[in-house]
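Here are three short exercises to help you find your way around a new structure. Try each task yourself before reading its solution.

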Amino acid sequence: MPKMRAVQVSAPHAELELVELEIPEPAAGSVRIKVEACGICHSDSLIKEGLMPIAYPRVPGHEVAGVIDAVGTGVEGWKTGQRVGVGWNGGYCGYCDQCRRGNFFACQTASKVTGLTTDGGYAEYAIAPATALARIPDDLTAVEAAPLMCAGVTTFNALRNSGAQPGDTVAVHGLGGLGHLGVQFAAKMGFRTVAIARGADKEPLARQLGASVYIDSAAGDPAAALTALGGAKVILATVTSGEAMASVTGGLGPNGTILTIGAAEPFPVSPLFLLMGNRAVKGWYSGVSIDSQDTLAFAAMTGIRSMNEEFPLERVKEAYERMISGKVRFRAVLTM
Ligand SMILES: NC(=O)c1ccc[n+]([C@@H]2O[C@H](COP(=O)([O-])OP(=O)(O)OC[C@H]3O[C@@H](n4cnc5c(N)ncnc54)[C@H](OP(=O)(O)O)[C@@H]3O)[C@@H](O)[C@H]2O)c1
Ligand SMILES: [Zn+2]
């Protein structure tokens, strides 16, 4: 059997290891992708640190971009040679009760999570159901497209469904992989975009990405600073700390919503503060393949790009370390 290079986690807390695996064959309804690039998302730490009840070994990676190189039986509308991306949502059935209600992410039958319940894109080849595929526009390279498959779609989809209107104050909390794309999407959607991050060093980058206001959360109370701006209609909280989310929630204006995107620990919130201004705390869970495809198209159309540091697959440990230590500006992307 022909082999491929892949990076796997053999057990919770184990190192990322470069291994040789058999090149997988696509099952019915699936395609095989020759992976060209795969982003490293903070959520990959869930696999590495054993925070989810999954089977090991596992190949992580849910920001996959590449080319279809084999098509399983029963697949319609996709062929070899097409450039595609795959994100966290690894496909759905389309006929269960949840799918029929449009809740594809909650599919009860074929629900898969790329790089979590199935092997993902830290490899030369990956398998994905046809329902998980997004078309990559010609204007985007694989390295540009990869981070849009999770960091991009999660922030784009959260913002476009947030209820904010052009001109509304939208704060993006955290300037990591998700946050730096969130700032760009918010600005291009016409929101008065506020970036909130720790320290002054990220201010020039935040402004370059489209933020009209920058709040240094280390220099003062970020909630008070938001309130002084009139309060936020939406806070897109991409940070990995619940304490940090709690510190900005008081900056919500009337009818404001904090969208908790970051997988953080619980944080306290005052019911009185919520009820007296019709405010809300709401989660947002990435999107499905068509949301990813919309994200790619919007980014291509508006010139939005992830700022990436590229690493060949064999340097995965270094790339992961750059991400988990918060040093990467702003996404580490593996190339095959
Ligand atoms: N909801 C979804 O569907 C979804 C999708 C993808 C990812 N996620 C989650 O979203 C989060 C962000 O992912 P990412 O890939 O963007 O991560 P990342 O690139 O590592 O960025 C993490 C961000 O959190 C900030 N942060 C960490 N600790 C903080 C603290 N104590 N106080 C304030 N800020 C802090 C960092 O700020 P500094 O730069 O100042 O350190 C950075 O902006 C992760 O929890 C990830 O699992 C959720
Ligand atoms: Zn992710």
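A helix axis is here a line fitted to C-alpha atoms over the stretch in contact, and angles run from 0 to 180 degrees between N-to-C directions. Keep in mind that this is a predicted model.

**Exercise 1.** Work out how helix H4 and helix H10 are oriented to each other.

*Solution.* Start with the axes: those of H4 (residues 151-160) and H10 (residues 289-302) come within 9 Å and cross at roughly 90°. Next, recall that angles of 65 to 115 degrees count as roughly perpendicular. The two helices, H4 and H10, are therefore roughly perpendicular to each other. Now look at who meets whom: Gly152, Val153, Phe156 and Asn157 in H4 touch Asp291, Ser292, Thr295, Phe298 and Ala299 in H10. Sorted by character, the residues of this contact of H4 with H10 are 4 nonpolar, 4 polar and 1 charged.

**Exercise 2.** Trace the open sheet of 6 strands and find its edge strands.

*Solution.* Follow the order S10-S9-S8-S11-S12-S13, where the pairing is parallel. Strand S10 (213-216) and strand S13 (280-283) each pair on one side only, which makes them the edge strands. From one strand to the next, the twist averages 20°. Then zoom in on S8 (residues 169-173) and S11 (residues 232-237), a parallel pair with 4 bridges. Here Val172 stands opposite Leu236 in S11.

**Exercise 3.** Which residues of helix H8 are buried, and where do they pack?

*Solution.* In H8 (residues 242-249), the buried residues are Ala244, Met245, Val248 and Thr249. Viewed down the axis of H8, they fall within an arc of 140°, so they line one face of the helix. The buried residues of H8 pack against S8, strand S9 (192-197), helix H7 (222-228), S11 and strand S12 (252-260).

Methods. Residues numbered from 1 in each chain as written. Chains lettered and ligands numbered in written order. Predicted model: local features only at pLDDT ≥ 70, side-chain atom pairs only at ≥ 80, totals over all residues. Parallel < 35°, antiparallel > 145°, perpendicular 65-115°, else oblique. Contact = placed C-beta atoms within 7 Å. Nonpolar A, V, L, I, M, F, W, Y, C, P; charged D, E, K, R; others polar. Pairing = 2+ DSSP bridges. Buried ≥ 20, exposed ≤ 12 C-beta atoms within 10 Å, placed from the backbone. Arc of directions from axis to C-beta.
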